[in-house]
2 protein chains.
Amino acid sequence: MRPTVHDIAASAGVSLATVDRVLNRRPGVRAATRAKVEAAIDRLGYVRDVAAANLAKGRVYPLVFILPDSNNSFMHGLHAEVREAIARAAAERTDIRVIEIPAFDPAALVVALDAARAERPAGVALVAIDADEVRDAVARLAEKGVPVVTLVSDLPGSRRDHYAGVDNIAAGRTAASLLGRFLGGRAGPVAVLAGSMLVRDHRERLEGFAAVLQAEFPDITILPVLEGRDEPQRAETLVAATLAAHADLLGLYSLGAGNRGLIAALKAQGGERSLTVIAHELTVHTRAALQDGIIDAVLNQDAGHEVRSAIRILKAKADGLAVVEAQERIRIDIFLRDNLP
Amino acid sequence: MRPTVHDIAASAGVSLATVDRVLNRRPGVRAATRAKVEAAIDRLGYVRDVAAANLAKGRVYPLVFILPDSNNSFMHGLHAEVREAIARAAAERTDIRVIEIPAFDPAALVVALDAARAERPAGVALVAIDADEVRDAVARLAEKGVPVVTLVSDLPGSRRDHYAGVDNIAAGRTAASLLGRFLGGRAGPVAVLAGSMLVRDHRERLEGFAAVLQAEFPDITILPVLEGRDEPQRAETLVAATLAAHADLLGLYSLGAGNRGLIAALKAQGGERSLTVIAHELTVHTRAALQDGIIDAVLNQDAGHEVRSAIRILKAKADGLAVVEAQERIRIDIFLRDNLP
DNA sequence: CTGTTAGCGCGTTCAA
DNA sequence: TTGAACGCGCTAACAG
C-alpha cells in the first residue's frame, strides 16, 4: 500500500495538520519541523492522492472557453465538442462557461478575456488572435495566476501556458509535399485560399506551404492569396473568379475554413478540369468532397482532442501537476478517401 | 451542488446502506423499496461520484498485458509505453503485470491467457494471434467476466470486448493510394514485405493494399509477398534478393515491422534507383529513413495511445461505465518528412 | 430485509 | 507554531 499522510505524520513525529501545511506550502510551520516532514515525505516516497484531495476540498474547476462565433463547420464542431465536455462536467469536476465573440475581432477578444478574469476561473481557453492587445489581456490573466491555454490558433510571445493545436508550419509543408508529389512534376500555378492573414495559424500554414514548394517543386508557382474570411459565400466567389482567370491552374490549397464555398465553386466548373486540391478540416462537406474525388486530401485537427486536452491541461496547471506530454500533442491528421473514420 | 447518497436516502425515506445496495445491485432489498430508491435517484438526477466510490473501496485494477517478445522497434516502443503506464499506476489505481511470450506462437498465447485468468484480474489486454484456440481462451476469460481488449492486432469473432488498434484494411488502402499517386501513372511491379500472414493485421493491410492497386492503379503489379517475420535480418535478405531480381521495381510497401533490415537493404543498393517506399510504424529507423528520403511515407499507430486507451477501456468495462468513444479511436497517422513530431 | 457506524485519504476549522 | 476532530461522498462491516 502506498504511504498516506498518516504514515508521514507518524514517521516525522508530527500531526496530520502539520503534514498538510507542509504539503500545501502553507505558513505557520517552523523551518525545522518543515524539514522533518519533507524528509519523511521523500523517505517514504509519498505521492498525494489527488482524487481524495479533490473530494475533501469539494474542488470544482470553473473554466472559461472563449470561442469565435464563426459560421463554418469546423467552428461548429469545436462548439459541439465543448458542449460534450460540459455534459461530462459532473464526472470531471469542471464547470465550463463559453463566451462567444465575433470572429477576427481582437478588441472583442480583449473584452472577453477581461470579463473572464473578473470571474476568477481556474483556467481560460481561447482561440487566439495575433495582436498585442490580446497578449496584454493574457498577461493580465497570468498576473492573477490564471492558467491560459490557446486553442487552434496560438499566441507566441504571450504568457499563455500551453497551446492546444497543431504545428501549422508543418501542416503547410505537408500540404505542399502532398500537392507537389500528387502533381508529379507538372509545372504551373496553384491557388491558395485562406481565411485571414490576421490569424497566426493561417499565416503559418502559408509560410510552410510556400517554403516547400519553392525548395522542392520550383516549377509550381503560387497565385496571390485569396482571403475568404472563413465564409463559404465569399470563398465561392473568390475561387470561381480564380478558376475563370487561370485556365492553366494545377491545384488549390485551402488552408482555412469555409470549404463549403470552395467545393461549390469546384463543382460549378464541372468535371472538365482535374485540379489537385488539398483542404483543411474534416467536415461533412470536405468528407463528401473527398469521397467524390473533388478534394484529394484533407489535413485535419481533431477538435475533440483539442478541447479535452485543453481541459486536462488547465486542470493540471491549476493544481501544479504534470501531464502526459505525448497525450497532449495534437496531430496533423491526413485523410485520403481511403482512411476516413 | 449535485445530489449525494444522503439526498437519495432522505428523499426515499431509507438509510444510506439501502441506497448503496440499490446502486450496486446487491441483493437483500424488497422490490418496493428498490423502486422507491430508484425513483428518488432519477427524480434528483443522481450520478455517482466514481472517485469517492473508488476511494471508499480502496479500488485498484489488477490488469494483465500479454505482449510478444519481438525484437523490433515497434514492439520495444509498445513495451516502453506499458512501462510508462506502470509508472503512473499509483495515480490511476492500476496494478499492471506484463506477460511476455514468443511472437507468432498461438499455443504460448493460450497458456498466457489461461495463466492470466488464474490471477482473476480486472482486465486483460493482448496482442492477438488469429487462431481458434486463442478465441477459446478469450472465451474462457469472458466466461469469468474478465474484460478483454485486443491490442494492435484484433481477433474478430471472439468474445473480446474491444479492439485498441487501427483499421488495417484502411491502412493498406491508404498505402496503396499514396504509392499509386506518388508513382504518377508509371507501370511496373512493387514488392510487399510483411511479417507473417498468421497475424490478422498484416493480412488485412495486404488485402486493402491489393484491392486499391487493382481497382485504381491497374498498371502496378504486386510481387509475391515477402514474409520477414518482423525480424530485421530476415527482412534485409529478402529485400536484397528482390532488388537484385527485379531491375524494374517501382516501389515497396513494408506492412510489418523489422524495417531496420529493409532500410539496410535499400541503402546497400546505393542511390542508383529511386524507389517509392511506404512503411509502417514510426521508429528511430523509419524516422531517419524518412528524413533521408529513403522512405517516402510512414503509416503509424500511436502505441502510447493504444496502451492508454486499452487501460481506460478495461477500467471502464470493469465498472460497467461508458467511455468517450471518439477518444478511443486509434488513428492511422501518416507521416511525411514534413510533419514528423 | 434494513439501519448504524466506521472508515478510505485528505483538507480545514478551531483550540491549545 | 502545532494538534485534535470533523467532514467530503461513498462502501462495508455488523447489528437489528
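1. Buried means under 20% relative accessible area, exposed means over 50%, and partly exposed lies in between, with a 1.4 Å probe and protein chains only. By that cut-off A:Arg93 is buried, because its relative accessible area is 17%. A:Arg93 sits in the loop between α6 (89–92) and β2 (94–101) of chain A. Helices (H or I, at least four residues) and strands (E, at least two) are DSSP runs, numbered from the N terminus. The phi of A:Arg93 is near 60°, a positive value in a residue other than glycine.

2. Ground rules. This is a predicted model, in which local features need pLDDT of at least 70 and side-chain atom pairs count only at pLDDT 80 or more, while totals for chains, interfaces and linings use all residues. Residues are numbered from 1 along each chain as its sequence is written, chains are lettered from A and ligands numbered from 1 in the order in which they are written, and side-chain values use heavy atoms, with hydrogens and water left out.

3. Domains of chain A. Three are assigned: domain 1 (5–48), domain 2 (59–165 + 303–330) and domain 3 (168–300). The bounds come from an automatic or database domain assignment. Between domain 1 and domain 2 of chain A, the C-alpha centres are 35 Å apart.

4. Annotation. An unreviewed UniProt entry places the feature "domain: HTH lacI-type" at residues 3–57 of chain A. UniProt positions are given in the numbering used here, feature names are shortened, and annotations may be inferred rather than shown by experiment. Over residues 3–57, chain A is 69% helix and 0% strand. The end C-alpha atoms of that stretch are 20 Å apart.

5. Symmetry. A turn of 180° and a shift of 0.1 Å along the axis lay chain B on chain A with an RMSD of 0.2 Å. That is the relation of a two-fold axis. The same surface serves both copies, as 97% of the contact residues of chain B recur in chain A. Contact means heavy atoms within 4.5 Å. Copies are superposed by least squares on the C-alpha atoms of residues with pLDDT of at least 70 in both.

6. DNA strand C. There are 24 residues around this strand, and A:Asp20, A:Arg26, A:Tyr46, B:Arg21 and B:Thr33 come nearest. A residue is near a molecule or strand if one of its heavy atoms lies within 4 Å of it. Of the atoms of DNA strand C within 4 Å of the protein, sugar and phosphate account for 66%.

7. Polar contacts to strand C. A polar contact is a pair of N or O atoms within 3.5 Å; within protein, one must be able to donate a hydrogen and the other to accept it, and residues adjacent in sequence count only if both atoms are side-chain atoms. B:Arg21 reaches a base oxygen of DNA strand C at 2.5 Å with a polar side-chain atom. Polar backbone atoms lie by phosphate oxygens of the strand in two cases: A:Asp49 at 3.0 Å, and B:Arg30 at 2.8 Å. Two or more residues each come from α4 (50–57) of chain A and from α2 (16–23) and α4 (50–57) of chain B. α4(A) gives the most to this surface, with four residues.

8. DNA strand D. Here too 24 residues surround the strand, with A:Arg21, A:Thr33, B:Val5, B:Asp20 and B:Tyr46 nearest. Sugar or phosphate holds 70% of the strand D atoms within 4 Å of the protein, and bases the rest. A side-chain N or O atom of A:Thr33 is 2.4 Å from a phosphate oxygen of DNA strand D. For a polar side-chain atom of B:Arg48, the distance to a phosphate oxygen is 3.1 Å. A backbone N or O atom of A:Ala56 lies 3.2 Å from a base oxygen. The largest share of the surface near DNA strand D, four residues, comes from α4(B).

9. Helix α11 of chain B and the loop before it. B:Ala235 lies in helix α11 (residues 232–245). B:Ala235 is buried at 1% relative accessibility. Beyond four places in sequence, B:Ala235 touches B:Leu193, B:Gly228, B:Gly258 and B:Leu262. B:Asp230 is in the loop between β8 (226–227) and α11. B:Asp230 is not a glycine, yet has a positive phi of about 60°. B:Asp230 counts as buried at 11% relative accessibility.
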